[in-house]
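Here are some exercises to work through with the model open beside you. Try each task before reading the solution below it.

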Amino acid sequence: MALVDSELTKDIVRARIEGNRSDSAGAVFKAALVSCLVIVLVALVALIVSVAPAGLEVFSSRGIMDFLLRPFSVRPEKAGVFQGTVGTVTSAVIVALISFPMGVAAAVYLEEYASDNWFTRIVNLVIRNLAGVPAIVYGLLGFALFVKGPFSGLTGGTTLLSTGLTLSILVLPIVVITSAEAIRAVPASLREGGYGVGATRWEVTRTLVLPNAMGGMLTGTILGLARALGEAAPLFFMGAKTSVFSGGNWGELRGDFTALPMIITDWATRPAAKWNGNTQAAILVTLAVVLGINTVGIVLRNRFDRKK
Amino acid sequence: MSTVEPHSPTGLRLEDLAGSPTRNRTERLVHLALTGAAATSVLISVAIVAVLFRDAMGFVTSIRLGDLGDEIWNPRLGRFGVMSPILGTLWVTLVAVLVAGPIGLGAAIYLSEYAKPRVRRSVKPVVEVLASIPSVVVGYFAIRFIAPELVQRIFPGAPAKNLLVAGIAVGLLTIPLMTSVAEDALRAVPLNLREASYGLGAKKVTTVIRVVVPAAVSGLVAGLILSISRAIGETMVVFLAAGGVPTRPTSPLDGGTTVTAAMAAVATGTDNVAGASNTFQSAFFLGLILFAFTLTLNLVADRFVRRVRQKY
């Protein structure tokens, strides 16, 4: 019989096709790609390791609550981040209250209402480019509008309210872009069903489009929020304090204030021997706030996704 | 369509089709409110441009233009050598792009072409965590780790704070942006291009380098340009790690300052936020330069991104 064992045939054919050479160029290329990822991973680990130890030591020797509840002090062992935490959390609330409704409204306009005319095209172009404007330029804008300019009577100058409004403007384009994407992902059949039973455009948007896009819109807002809270550059122009001041309690929107990234910036430039522990502890608090907000965003998104 | 008879057999009249007046009024009000929200973004950008121009012009008219050619940028002492921060920005951006470009691209190619879904699911969050770390933390990392453990070991004579340290840290911060834009571009390349390449007997490495990467090149260039724009606009890392030296840098190992860090330096110190002086206005002049740079780059990147969309 001329029948060859089928396994053997397969091996022979494979050897003929592949040749006996191993693919060394491919292996080198793949190793290079993997090493790129390894570098990112190593950098991240090095960052966490170089940031954590002295901070944890401050937490364990003083107690986390002591560090969280004390205000500024000229003595490192007494200085805490209470005023900075108040500033960061309060400005987060202001940003969420302003940029979420505004951003979603603009996104609904662009995706559900706008026809393709010059106004829509300008808005689209402007929003895409606003997202790329450096944060510190928003600091200049906030200074000219809220600290010194036409709205300074309302905000009281260098205050938390000015900061919240400025950061809201900074986050707005991110919210609009991600919300528009979430709205675009809602299937057209859903809208057509709504219009088919005689609903108006707003009724379709309110009852069908927005609930289905809510997950994506919340994620976008929260990612923007996390970016705004970690951002220190605009705070330079908002007059955030870096030295001892009275006040900075909950609910003081129009008084002196500071924020966590500003505290880190200032402490990082002080003599390391005395202030290193405090700087690292402040970094850990900031990372906890930023990653905490991210986690809230992910939980919310999952809840809305499950409802769908 | 024929007009509806006033007394049609169904009893339907023209007014019945017009909808309820309350619903129509709500609809009009909502439309107006949403248009207003969209118009706000236009107002914001008009305000940015107006504010920057107004105060930058105030600054330019208050100095002698020859002063801009000075060797030193120190507005408090009346030294307005704008080339010092601009050269600093160029060095930092160059280093950052040399770091973020290859590493970001390599990571993107791996994630898009090589990684199994399970690996991708566990590796991608790592890159995203890096993206969510505040830049001031990366700045601290730069002065406490990158400077002593990396740069000063390789270049023992270098000052602790210099443009190279800042550039490496900015590059680290830019990697996630480069990776995500590049990965999107690579994944947008249709599968049949890859299959055609394999069908002709090409190896994986050949397929990736000769087929997939060239097909995605517009998106990759867009990612690179966006990274440059991001690096130019980064403030905190440079403020902490570049040294704030006001002279013109001749190499990346010099201490220096950048356009962004010089703006921040103008605003530090509580006394200065009061300012209507031309010291303070110089921040708006630098802001206008920065805005012009990044806007141009973003517009160019936008062109490239849209070219990808049109092709596939």
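**Exercise 1.** Leaving aside neighbours within four places in sequence, which residues is Ala166(B) in contact with?

*Solution.* Keep in mind that this is a predicted model. Start at Ala166(B) and skip the residues up to four places away in sequence; the contacts that remain are Val92(B), Ala142(B), Val237(B), Val238(B), Ala241(B) and Ala242(B). Next, place Ala166(B) in its wider setting: the largest nonpolar core has 185 residues, and Ala166(B) is among those with the most contacts inside it, along with Ala142(B), Ala169(B), Val237(B) and Ala241(B). Finally, ask which parts of chain B supply this core. Domain 1 (15-62) and domain 2 (68-311) both give residues to it, so the core lies between them.

**Exercise 2.** Describe how the two domains of chain B meet.

*Solution.* First, take the division: chain B has domain 1 (15-62) and domain 2 (68-311). Second, look at the separation, which is 33 Å between their C-alpha centres. Third, count the contacts: 8 residues of domain 1 of chain B touch 8 residues of domain 2 of chain B. On the domain 1 side, these residues comprise 5 nonpolar, 2 polar and 1 charged.

**Exercise 3.** Work out whether Leu297(B) is buried or exposed, and find what surrounds it.

*Solution.* Begin by locating Leu297(B), which is found in helix α11 (residues 278-311) of chain B. Then apply the cut-off: a residue is buried if 20 or more other C-beta atoms lie within 10 Å of its own. Leu297(B) has 20 such atoms, so Leu297(B) is buried. Apart from residues up to four places away in sequence, Leu297(B) touches Ile225(B), Ile228(B) and Ser229(B). For Val213(B), 84 residues from Leu297(B) along the chain, the C-alpha separation from Leu297(B) is 22 Å.

**Exercise 4.** Take apart the contact between chains A and B, then examine one helix pair within the model.

*Solution.* Count each side: chain B contributes 66 residues and chain A contributes 70 residues. On the chain B side, helix α1 (residues 21-62) gives the most, with 19 residues. The chain B side as a whole has 42 nonpolar, 18 polar and 6 charged residues.

Now turn to the helix pair. The axes of helix α5 (residues 82-113) of chain A and α1(B) come within 8 Å and cross at roughly 110°. Angles of 65 to 115 degrees count as roughly perpendicular, and therefore α5(A) is roughly perpendicular to α1(B). Residues making the contact include Met102(A), Tyr109(A) and Tyr113(A) of α5(A), and His31(B), Leu34(B) and Ser41(B) of α1(B). By class, this contact has 11 nonpolar, 4 polar and no charged residues.

Technical notes: Residues numbered from 1 in each chain as written. Chains lettered and ligands numbered in written order. Predicted model: local features only at pLDDT ≥ 70, side-chain atom pairs only at ≥ 80, totals over all residues. Core = buried A, V, L, I, M, F, W, Y, C linked by C-beta atoms within 7 Å. Buried ≥ 20, exposed ≤ 12 C-beta atoms within 10 Å, placed from the backbone. Domains from an automatic or database assignment. Contact = placed C-beta atoms within 7 Å. Helix = DSSP H or I, 4+ residues; strand = E, 2+ residues; numbered from the N terminus. Nonpolar A, V, L, I, M, F, W, Y, C, P; charged D, E, K, R; others polar. Axes fitted to C-alpha atoms, helices over the stretch in contact; angles between N-to-C directions. Parallel < 35°, antiparallel > 145°, perpendicular 65-115°, else oblique.
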